[in-house]
Structures are given as C-alpha cells and as structure tokens.
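Open your viewer and get ready to click along. We will go from stop to stop, and at each one you will hear what to select and what is there.

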Amino acid sequence: MNIDWAAIGSVFGVSLVATVGLVTLFTLGIKGLSARERATAQGNSATLAATAACVCFAACTAAVAYGIHLIVAKA
C-alpha cells in the first residue's frame, strides 16, 4: 500500500488557504457591519462600510456555493 503524501499535502494546503480566506472574508464583513453601526450612531454616512460588508458576505456565499456545487457534481 502506497500513500501519496504529495496529494495529501496538496489537499491540506488548499484546505488551509480556503479556510483562512473564508474566515478572513467573513471577519471583514463583520467589521464592515460594525463600522456601519458606529457611523450610523455618530450620524455619518455608512455607505462604504455597508457595501464592503455586502461584498464580503457575497464572496463567502459564492465560495460556499461553489464548494457545494463541486461536491454535488461528483455524486
């Protein structure tokens, strides 16, 4: 029995990068919502913060949907 360590390492690396990327995007979205709340409380415009939060959450949703598509397409 041979174990393809390069393939295991490749899967680990891609999984790590994807996980860190998604967590970072989600964190930036939460930070954008927080900035929007802060700006609204101070009476300032929060358009940029709200737009950035929406873009981050949309990117997270697209990445998760793509992952589900990859899983379902193989079945």
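## Stop 1: A nonpolar patch

Start by selecting Met1, Ile3, Trp5 and Ile8, which make a nonpolar surface patch of about 560 Å². Keep in mind as you look around that this is a predicted model. Now pick out Trp5 alone: this residue lies in helix H1. Is Trp5 buried or exposed? Its relative accessibility is 60%, over the 50% cut-off, so Trp5 counts as exposed.

## Stop 2: Along helix H1

Next, select residues 5–42, which are helix H1. How far apart are the end C-alpha atoms of H1? They are 55 Å apart. With 38 residues at 1.5 Å a residue, H1 should span 56 Å, so the two values agree.

Colour Gly29, Gly32 and Ala39 next, because these residues of H1 are buried. What covers the buried residues of H1 includes H2, so show that helix too if it is hidden.

Then click on Ile30, which also has its place in helix H1. Ile30 has 43% relative accessibility and therefore counts as partly exposed. For a distance to try in your viewer, join the C-alpha atoms of Ile30 and Leu16: they are separated by 21 Å, and the two residues are 14 apart along the chain.

## Stop 3: Phe26 and its contacts

Stay in helix H1 and select Phe26. At 44% relative accessibility, Phe26 counts as partly exposed. Which residues does Phe26 touch, leaving aside its neighbours within four places in sequence? Phe26 is in contact with Phe57 and Cys60.

Now draw a line from the C-alpha atom of Phe26 to that of Leu70. These atoms are separated by 21 Å, and the residues are 44 apart along the chain.

## Stop 4: A salt bridge

The structure holds one salt bridge. To find this salt bridge, select Arg36 and Glu37, whose closest N and O atoms are 3.1 Å apart. How accessible are the two partners? Arg36 has 31% relative accessibility, so it counts as partly exposed. Glu37, at 47% relative accessibility, counts as partly exposed as well.

## Stop 5: After H1

Move on to Gly43, which follows H1. If your viewer shows backbone angles, look at phi of Gly43: the angle is positive, near 85 degrees.

## Stop 6: Along helix H2

Select residues 47–74 to light up helix H2. This helix has 28 residues, which should span 40 Å at 1.5 Å a residue. The end C-alpha atoms of H2 are 41 Å apart, which agrees.

Which residues of H2 are buried? They are Ala49, Ala53, Cys56 and Cys60. What covers these buried residues includes H1. You have met Cys60 before, as one of the contacts of Phe26.

## Stop 7: The cysteines

For the last stop, show the cysteine side chains. A disulfide is a covalent bond between the sulfur atoms of two cysteines. How many disulfides does the structure hold? The count is zero.

Select Cys54 to see an example: the nearest cysteine sulfur, that of Cys56, is 9.4 Å away. A disulfide needs sulfur atoms within 2.5 Å, so Cys54 is in no disulfide. Cys54 has 54% relative accessibility and counts as exposed.

Then click on Cys56, where the nearest cysteine sulfur belongs to Cys60 and is 7.0 Å away. Cys56 is in no disulfide either. Is Cys56 buried or exposed? Its relative accessible area is 11%, under the 20% cut-off, so Cys56 is buried.

Key:
Residues numbered from 1 in each chain as written. Predicted model: local features only at pLDDT ≥ 70, side-chain atom pairs only at ≥ 80, totals over all residues. Heavy atoms only, no water. Helix = DSSP H or I, 4+ residues; strand = E, 2+ residues; numbered from the N terminus. Buried < 20%, exposed > 50% of the residue type's maximum accessible area, 1.4 Å probe, protein only. Contact = heavy atoms within 4.5 Å. Expected span 1.5 Å × (residues − 1). Salt bridge = Lys/Arg side-chain N within 4 Å of Asp/Glu carboxyl O. Patch = residues over 30% accessible without salt bridge, like charges linked within 9 Å, V, L, I, M, F, W, Y side chains within 5 Å. Areas by Shrake-Rupley, 256 points an atom, 1.4 Å probe, with all protein chains shown as cover.
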